[in-house]
Amino acid sequence: MLRIGVTGLMASGKSTVARRFEERGAIRIDGDALGWEALRIPAVRDRIAGAFGPEAIAGDGAVDRVRLGAVVFADRAAMARLDAIVQPPLL
């Protein structure tokens, strides 16, 4: 089975290309959607709170992506910690 990954910067046409593949019968797996789902897993949220503090969790109990992003995009070690938490459920 042929597998094709579509990557690129924001607004570069990834969704358009993926739709074109779907129109031709391809199965689409949306990595962003899978990442959002991983952040909803209670054990993942708990580990994120443990690694980055309670401020990484919003008042509604969801991961505060804006606050967490501010931390991990400024610190490679923090990004590696987050990847170690979020990646295993995605595999």
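**Exercise 1. Work out how α2 and α3 are oriented relative to each other.**

Solution. Start with the outcome: α2 and α3 are roughly perpendicular to each other. Now let's retrace the steps; keep in mind that this is a predicted model.

- Step 1: pick the stretches. Helix α2 covers residues 31–40 and helix α3 covers residues 42–52.
- Step 2: get the geometry. The two axes come within 5 Å and cross at roughly 75 degrees.
- Step 3: apply the cut-off. Angles of 65 to 115 degrees count as roughly perpendicular, so that's the label for α2 and α3.

**Exercise 2. Find which residues of α2 meet which residues of α3, and sort them by character.**

Solution. First, the α2 side: Ala-38, Leu-39 and Arg-40 do the touching. Over on α3, their partners are Pro-42, Val-44, Arg-45 and Ile-48. Next, sort the contact residues: five are nonpolar, two are charged and none is polar.

**Exercise 3. Describe the largest pocket: its volume, its lining and the elements behind that lining.**

Solution.

- Step 1: the volume is about 860 Å³.
- Step 2: count the lining, and you get 22 residues. Nearest the centre of this pocket sit Ile-4, Gly-5, Val-6, Arg-28 and Ile-29.
- Step 3: ask which elements give two or more residues. Those are α1 (14–23) and α2, with α1 giving the most, five residues.
- Step 4: split the lining by character. Ten residues are nonpolar, six are polar and six are charged.

**Exercise 4. Do the same job for the second largest pocket.**

Solution.

- Step 1: here the volume is about 410 Å³.
- Step 2: the lining has 15 residues, and Leu-39, Arg-65, Phe-73, Met-79 and Leu-82 lie nearest the centre. You've met Leu-39 already, as one of the α2 residues that meet α3.
- Step 3: α2, α4 (65–72) and α5 (76–90) each chip in at least two lining residues. The largest share, six residues, belongs to α5.
- Step 4: by character, the lining holds ten nonpolar, three polar and two charged residues.

**Exercise 5. Step back and set the overall dimensions of the chain against those of a compact globule.**

Solution. Begin with the fold elements: there are five helices and zero strands, so to speak an α-α-α-α-α run from the N terminus on. Then take the radius of gyration. For 91 residues, a compact globule would come out near 12 Å, but this chain has 16 Å. Finally, check the box along the principal axes: the C-alpha atoms fill roughly 45 × 25 × 25 Å.

How values were computed
Residues numbered from 1 in each chain as written. Predicted model: local features only at pLDDT ≥ 70, side-chain atom pairs only at ≥ 80, totals over all residues. Heavy atoms only, no water. Axes fitted to C-alpha atoms, helices over the stretch in contact; angles between N-to-C directions. Helix = DSSP H or I, 4+ residues; strand = E, 2+ residues; numbered from the N terminus. Parallel < 35°, antiparallel > 145°, perpendicular 65-115°, else oblique. Contact = heavy atoms within 4.5 Å. Nonpolar A, V, L, I, M, F, W, Y, C, P; charged D, E, K, R; others polar. 1 Å grid on protein atoms, 1.4 Å probe; cavity = no way out; pocket = protein on both sides within 12 Å on 5 of 7 lines; lining within 4 Å. Points joined across faces, edges and corners; volume = space filled by probe spheres on them. Rg over C-alpha atoms; globule rule 2.2 N^0.38 Å.
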